[in-house]
Amino acid sequence: MKKIAIVLSCSVVMLASCKKDFLDTAPQSGTFTGDQARDLSNSSPASAYKLQDATVKGIYAFMRSWNTVGAGAHDDFAQKSIDMATDLMTEDMVQTAHHHMGFDYLHDNREETYRRTRMIWNYYYKIIFNANNLIAQVPADATDANLKAVRGQALSLRAFSYHNLVRLYQKRYKGNESALGVPLYTEPTQEGKSRNTVSEVYTQIVADLNEAVTLLQGWARPSKEQINQSVANGILARVHMDMENYAAAETAANAARQGYSLMSAAQYQEGFSDIANPEWMWGQVVTSQTTTIFASFFSQIDNTSPGYAGALAIYKSIDKKLYEQIGATDIRKKVFNDPDRTVYPSLPAYAQLKFRDPGSFTGDYIFMRVAEMYLIEAEAQARQGKDAEAQQTLFDLISRRDPSYVKSSATGQALIDEIFLHKRIEMWGEGTTFFDLKRMNLGIDRNNSNHRSDATIVVPAGGGKWTDKIPLL
């Protein structure tokens with residue numbers, strides 16, 4: 001079986017060693033071997049934590065960086081560029097003019113020689129490599145709470161990365177368990193490996209997350225930039241939905257959302273740019289020192305800012321058909337320009353106003369939000385035939401968005417369809433819809449809407465355009 005090489009270039013924001021001799025048996029130039037790091041963890045947990053926490057924070061910083069491939073492209077801004085690229089591949093997001101992200105929008109950015117697939121591959125395997133370094137350094141039986149948290153975060157980051165890799169580079173989980181997925185690396189090595197099956201990759205993901213949930217029990221993170229137990233449960237809920245383990249998904253999603261509150265109608269209109277929002281579970285703070293300016297999420301999505309979307313009129317809008325399904329009293333309708341452009345006259349109809357930069361490209365990045373957990377829980381309940389519980393979970397969320405919303409009386413598939421419609425509306429622009437369509441084996445139809453003529457395409461479910469090709473590095 002062919003082995004696939006993983007080529008990782010050093011990144012200035014990564015704080016783990018990236019030297020050629022990282023596998024040597026003796027330390028050189030201040031680097032550690034795994035055994036030495038474990039010895040330090042046992043002998044001086046506080047010192048070990050100080051070193052390893054810096055590496056964890058380096059990984060998080062990498063997740064909001066830019067230029068992960070080294071090509072200097074302004075549509076390569078780490079996690080949020082992947083979230084946006086996949087959203088643009090659905091029918092729910094419109095790009096009014098061809099520019100950055102344009103080939104994603106046209107479903108023409110998945111070939112093995114293309115920069116997008118290379119960027120995604122390199123980005124996630126860099127996270128995995130650095131996470132593996134940390135996992136090797138902290139003993140599985142560590143008793144220090146902070147060291148357990150380091151290991152738990154590293155396991156969660158590895159699982160998060162493998163989950164996104166396997167669902168991008170192979171077909172959906174169900175029915176393709178024995179198909180080849182991506183190579184599994186669980187130790188800090190870059191040696192070429194063969195692809196593991198989809199089932200093997202998911203088994204590792206679930207094992208990592210289950211261990212992480214245990215390790216992170218009771219740990220109070222310094223900020224929402226770091227993964228805690230609720231976020232680990234949130235990732236696990238996503239994974240179980242892919243696997244159609246609906247009871248486990250319901251349990252994980254419910255556990256993930258505990259301790260958070262839903263935002264108010266006023267907060268919903270504040271621009272989705274502040275990690276302090278009570279509904280945000282995980283994200284990254286962007287400051288004047290860490291902003292990537294034009295090569296950033298808000299540059300590409302905020303139609304009112306002086307970035308690519310606002311200054312060059314590369315507007316991002318909601319699909320007209322989806323907009324028309326939002327209730328008249330639903331607050332979520334107010335974060336898009338109305339057809340008559342009375343909300344924002346200088347922007348086209350349906351232009352997005354959900355994501356707005358607070359100034360100087362310093363909007364915070366969102367990776368996970370409580371509303372998603374309500375929607376996962378509701379769908380998981382409906383998939384199990386627990387219609388009354390699903391109706392109530394959905395009502396608990398949507399009644400906060402729309403004071404006129406009446407608890408659904410739908411059952412079975414009709415209830416599942418209603419939940420998914422609300423998920424498309426609620427999570428617009430947050431990088432979830434493409435994966436839900438793939439998971440549920442649904443296609444894309446951009447006809448009879450406001451998509452550009454060259455982008456008015458139909459993408460049947462399950463076809464080749466849903467799967468990226470492993471890049472030629």
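Where is Gly463 found? Gly463 sits in the segment after strand 8 (458-459). The legends below describe a predicted model.

**Figure 1. The whole chain of the predicted model.** The chain holds 17 helices and 8 strands. Its radius of gyration is 22 Å, close to the 23 Å from the globule rule for 473 residues, so the chain is as compact as a globular protein of that length. The C-alpha trace spans about 70 × 45 × 45 Å along its principal axes. Of the 473 residues, 59% count as buried. Among contacts with a separation of 6 or more, 70% come from residues 24 or more positions apart. The accessible surface comes to about 17600 Å². Carbon and sulfur atoms account for 51% of that surface. The chain carries 50 positive and 53 negative charges, and their mean positions lie 2 Å apart.

**Figure 2. Close-up of Gly463, after strand 8.** Gly463 has a relative accessibility of 27% and therefore counts as partly exposed. Exposed would require over 50%, and buried under 20%. Gly443 is 20 residues away from Gly463 in sequence. In space, the C-alpha atoms of Gly463 and Gly443 are 9.0 Å apart.

**Figure 3. Close-up of helix 2, residues 45-62.** Helix 2 has 18 residues. From first C-alpha to last it reaches 25 Å, close to the 26 Å expected at 1.5 Å a residue. Its buried residues include Ala48, Tyr49, Gln52 and Asp53. Thr55 and Val56 are also on the buried list. Gly58, Ile59, Tyr60, Ala61 and Phe62 complete that list. An α-helix has 3.6 residues a turn, so residues three or four places apart point the same way.

**Figure 4. Close-up of Asn67, in the loop between helix 2 and helix 3 (79-88).** What is the phi of Asn67? Phi of Asn67 is near 65°, a positive value in a residue other than glycine. Most residues other than glycine have a negative phi. Asn67 has a relative accessible area of 27%, so this residue is partly exposed.

**Figure 5. Close-up of Asn448, in the loop between strand 7 (444-445) and strand 8.** Asn448 is not a glycine, yet its phi is positive, at about 55°. Is Asn448 buried or exposed? Asn448 counts as exposed because its relative accessibility is 71%, and the cut-off for exposed is over 50%.

**Figure 6. Close-up of Asn277, in the loop between helix 10 (265-268) and strand 4 (280-284).** At 11% relative accessibility, Asn277 counts as buried, because the cut-off for buried is under 20%. Which residues does Asn277 contact, leaving aside neighbours within four places in sequence? Asn277 is in contact with Lys224, Met263 and Gln267.

**Figure 7. Close-up of Arg115, in helix 5 (residues 115-137).** Arg115 has 29% relative accessibility and so counts as partly exposed. Not counting residues up to four places away in sequence, Arg115 touches Ala71, Ala73 and Asp75. Gly464 lies 349 residues from Arg115 along the chain. The C-alpha atoms of Arg115 and Gly464 are separated by 18 Å.

Conventions: Residues are numbered from 1 along each chain as its sequence is written. This is a predicted model: local features need pLDDT of at least 70, side-chain atom pairs count only at pLDDT 80 or more; totals for chains, interfaces and linings use all residues. Side-chain values use heavy atoms; hydrogens and water are left out. Helices (H or I, at least four residues) and strands (E, at least two) are DSSP runs, numbered from the N terminus. The expected span of a helix is 1.5 Å times one less than its number of residues. Buried means under 20% relative accessible area, exposed over 50%, partly exposed in between (1.4 Å probe, protein chains only). Contact means heavy atoms within 4.5 Å. The radius of gyration is taken over C-alpha atoms; the globule rule is 2.2 Å times the number of residues to the power 0.38. Accessible areas come from the Shrake-Rupley method with a 1.4 Å probe; for residues, only the protein chains shown count as cover. Lys and Arg count as positive and Asp and Glu as negative; His and the chain ends are not counted. The place of a charge is taken as NZ of Lys, CZ of Arg, CG of Asp or CD of Glu.
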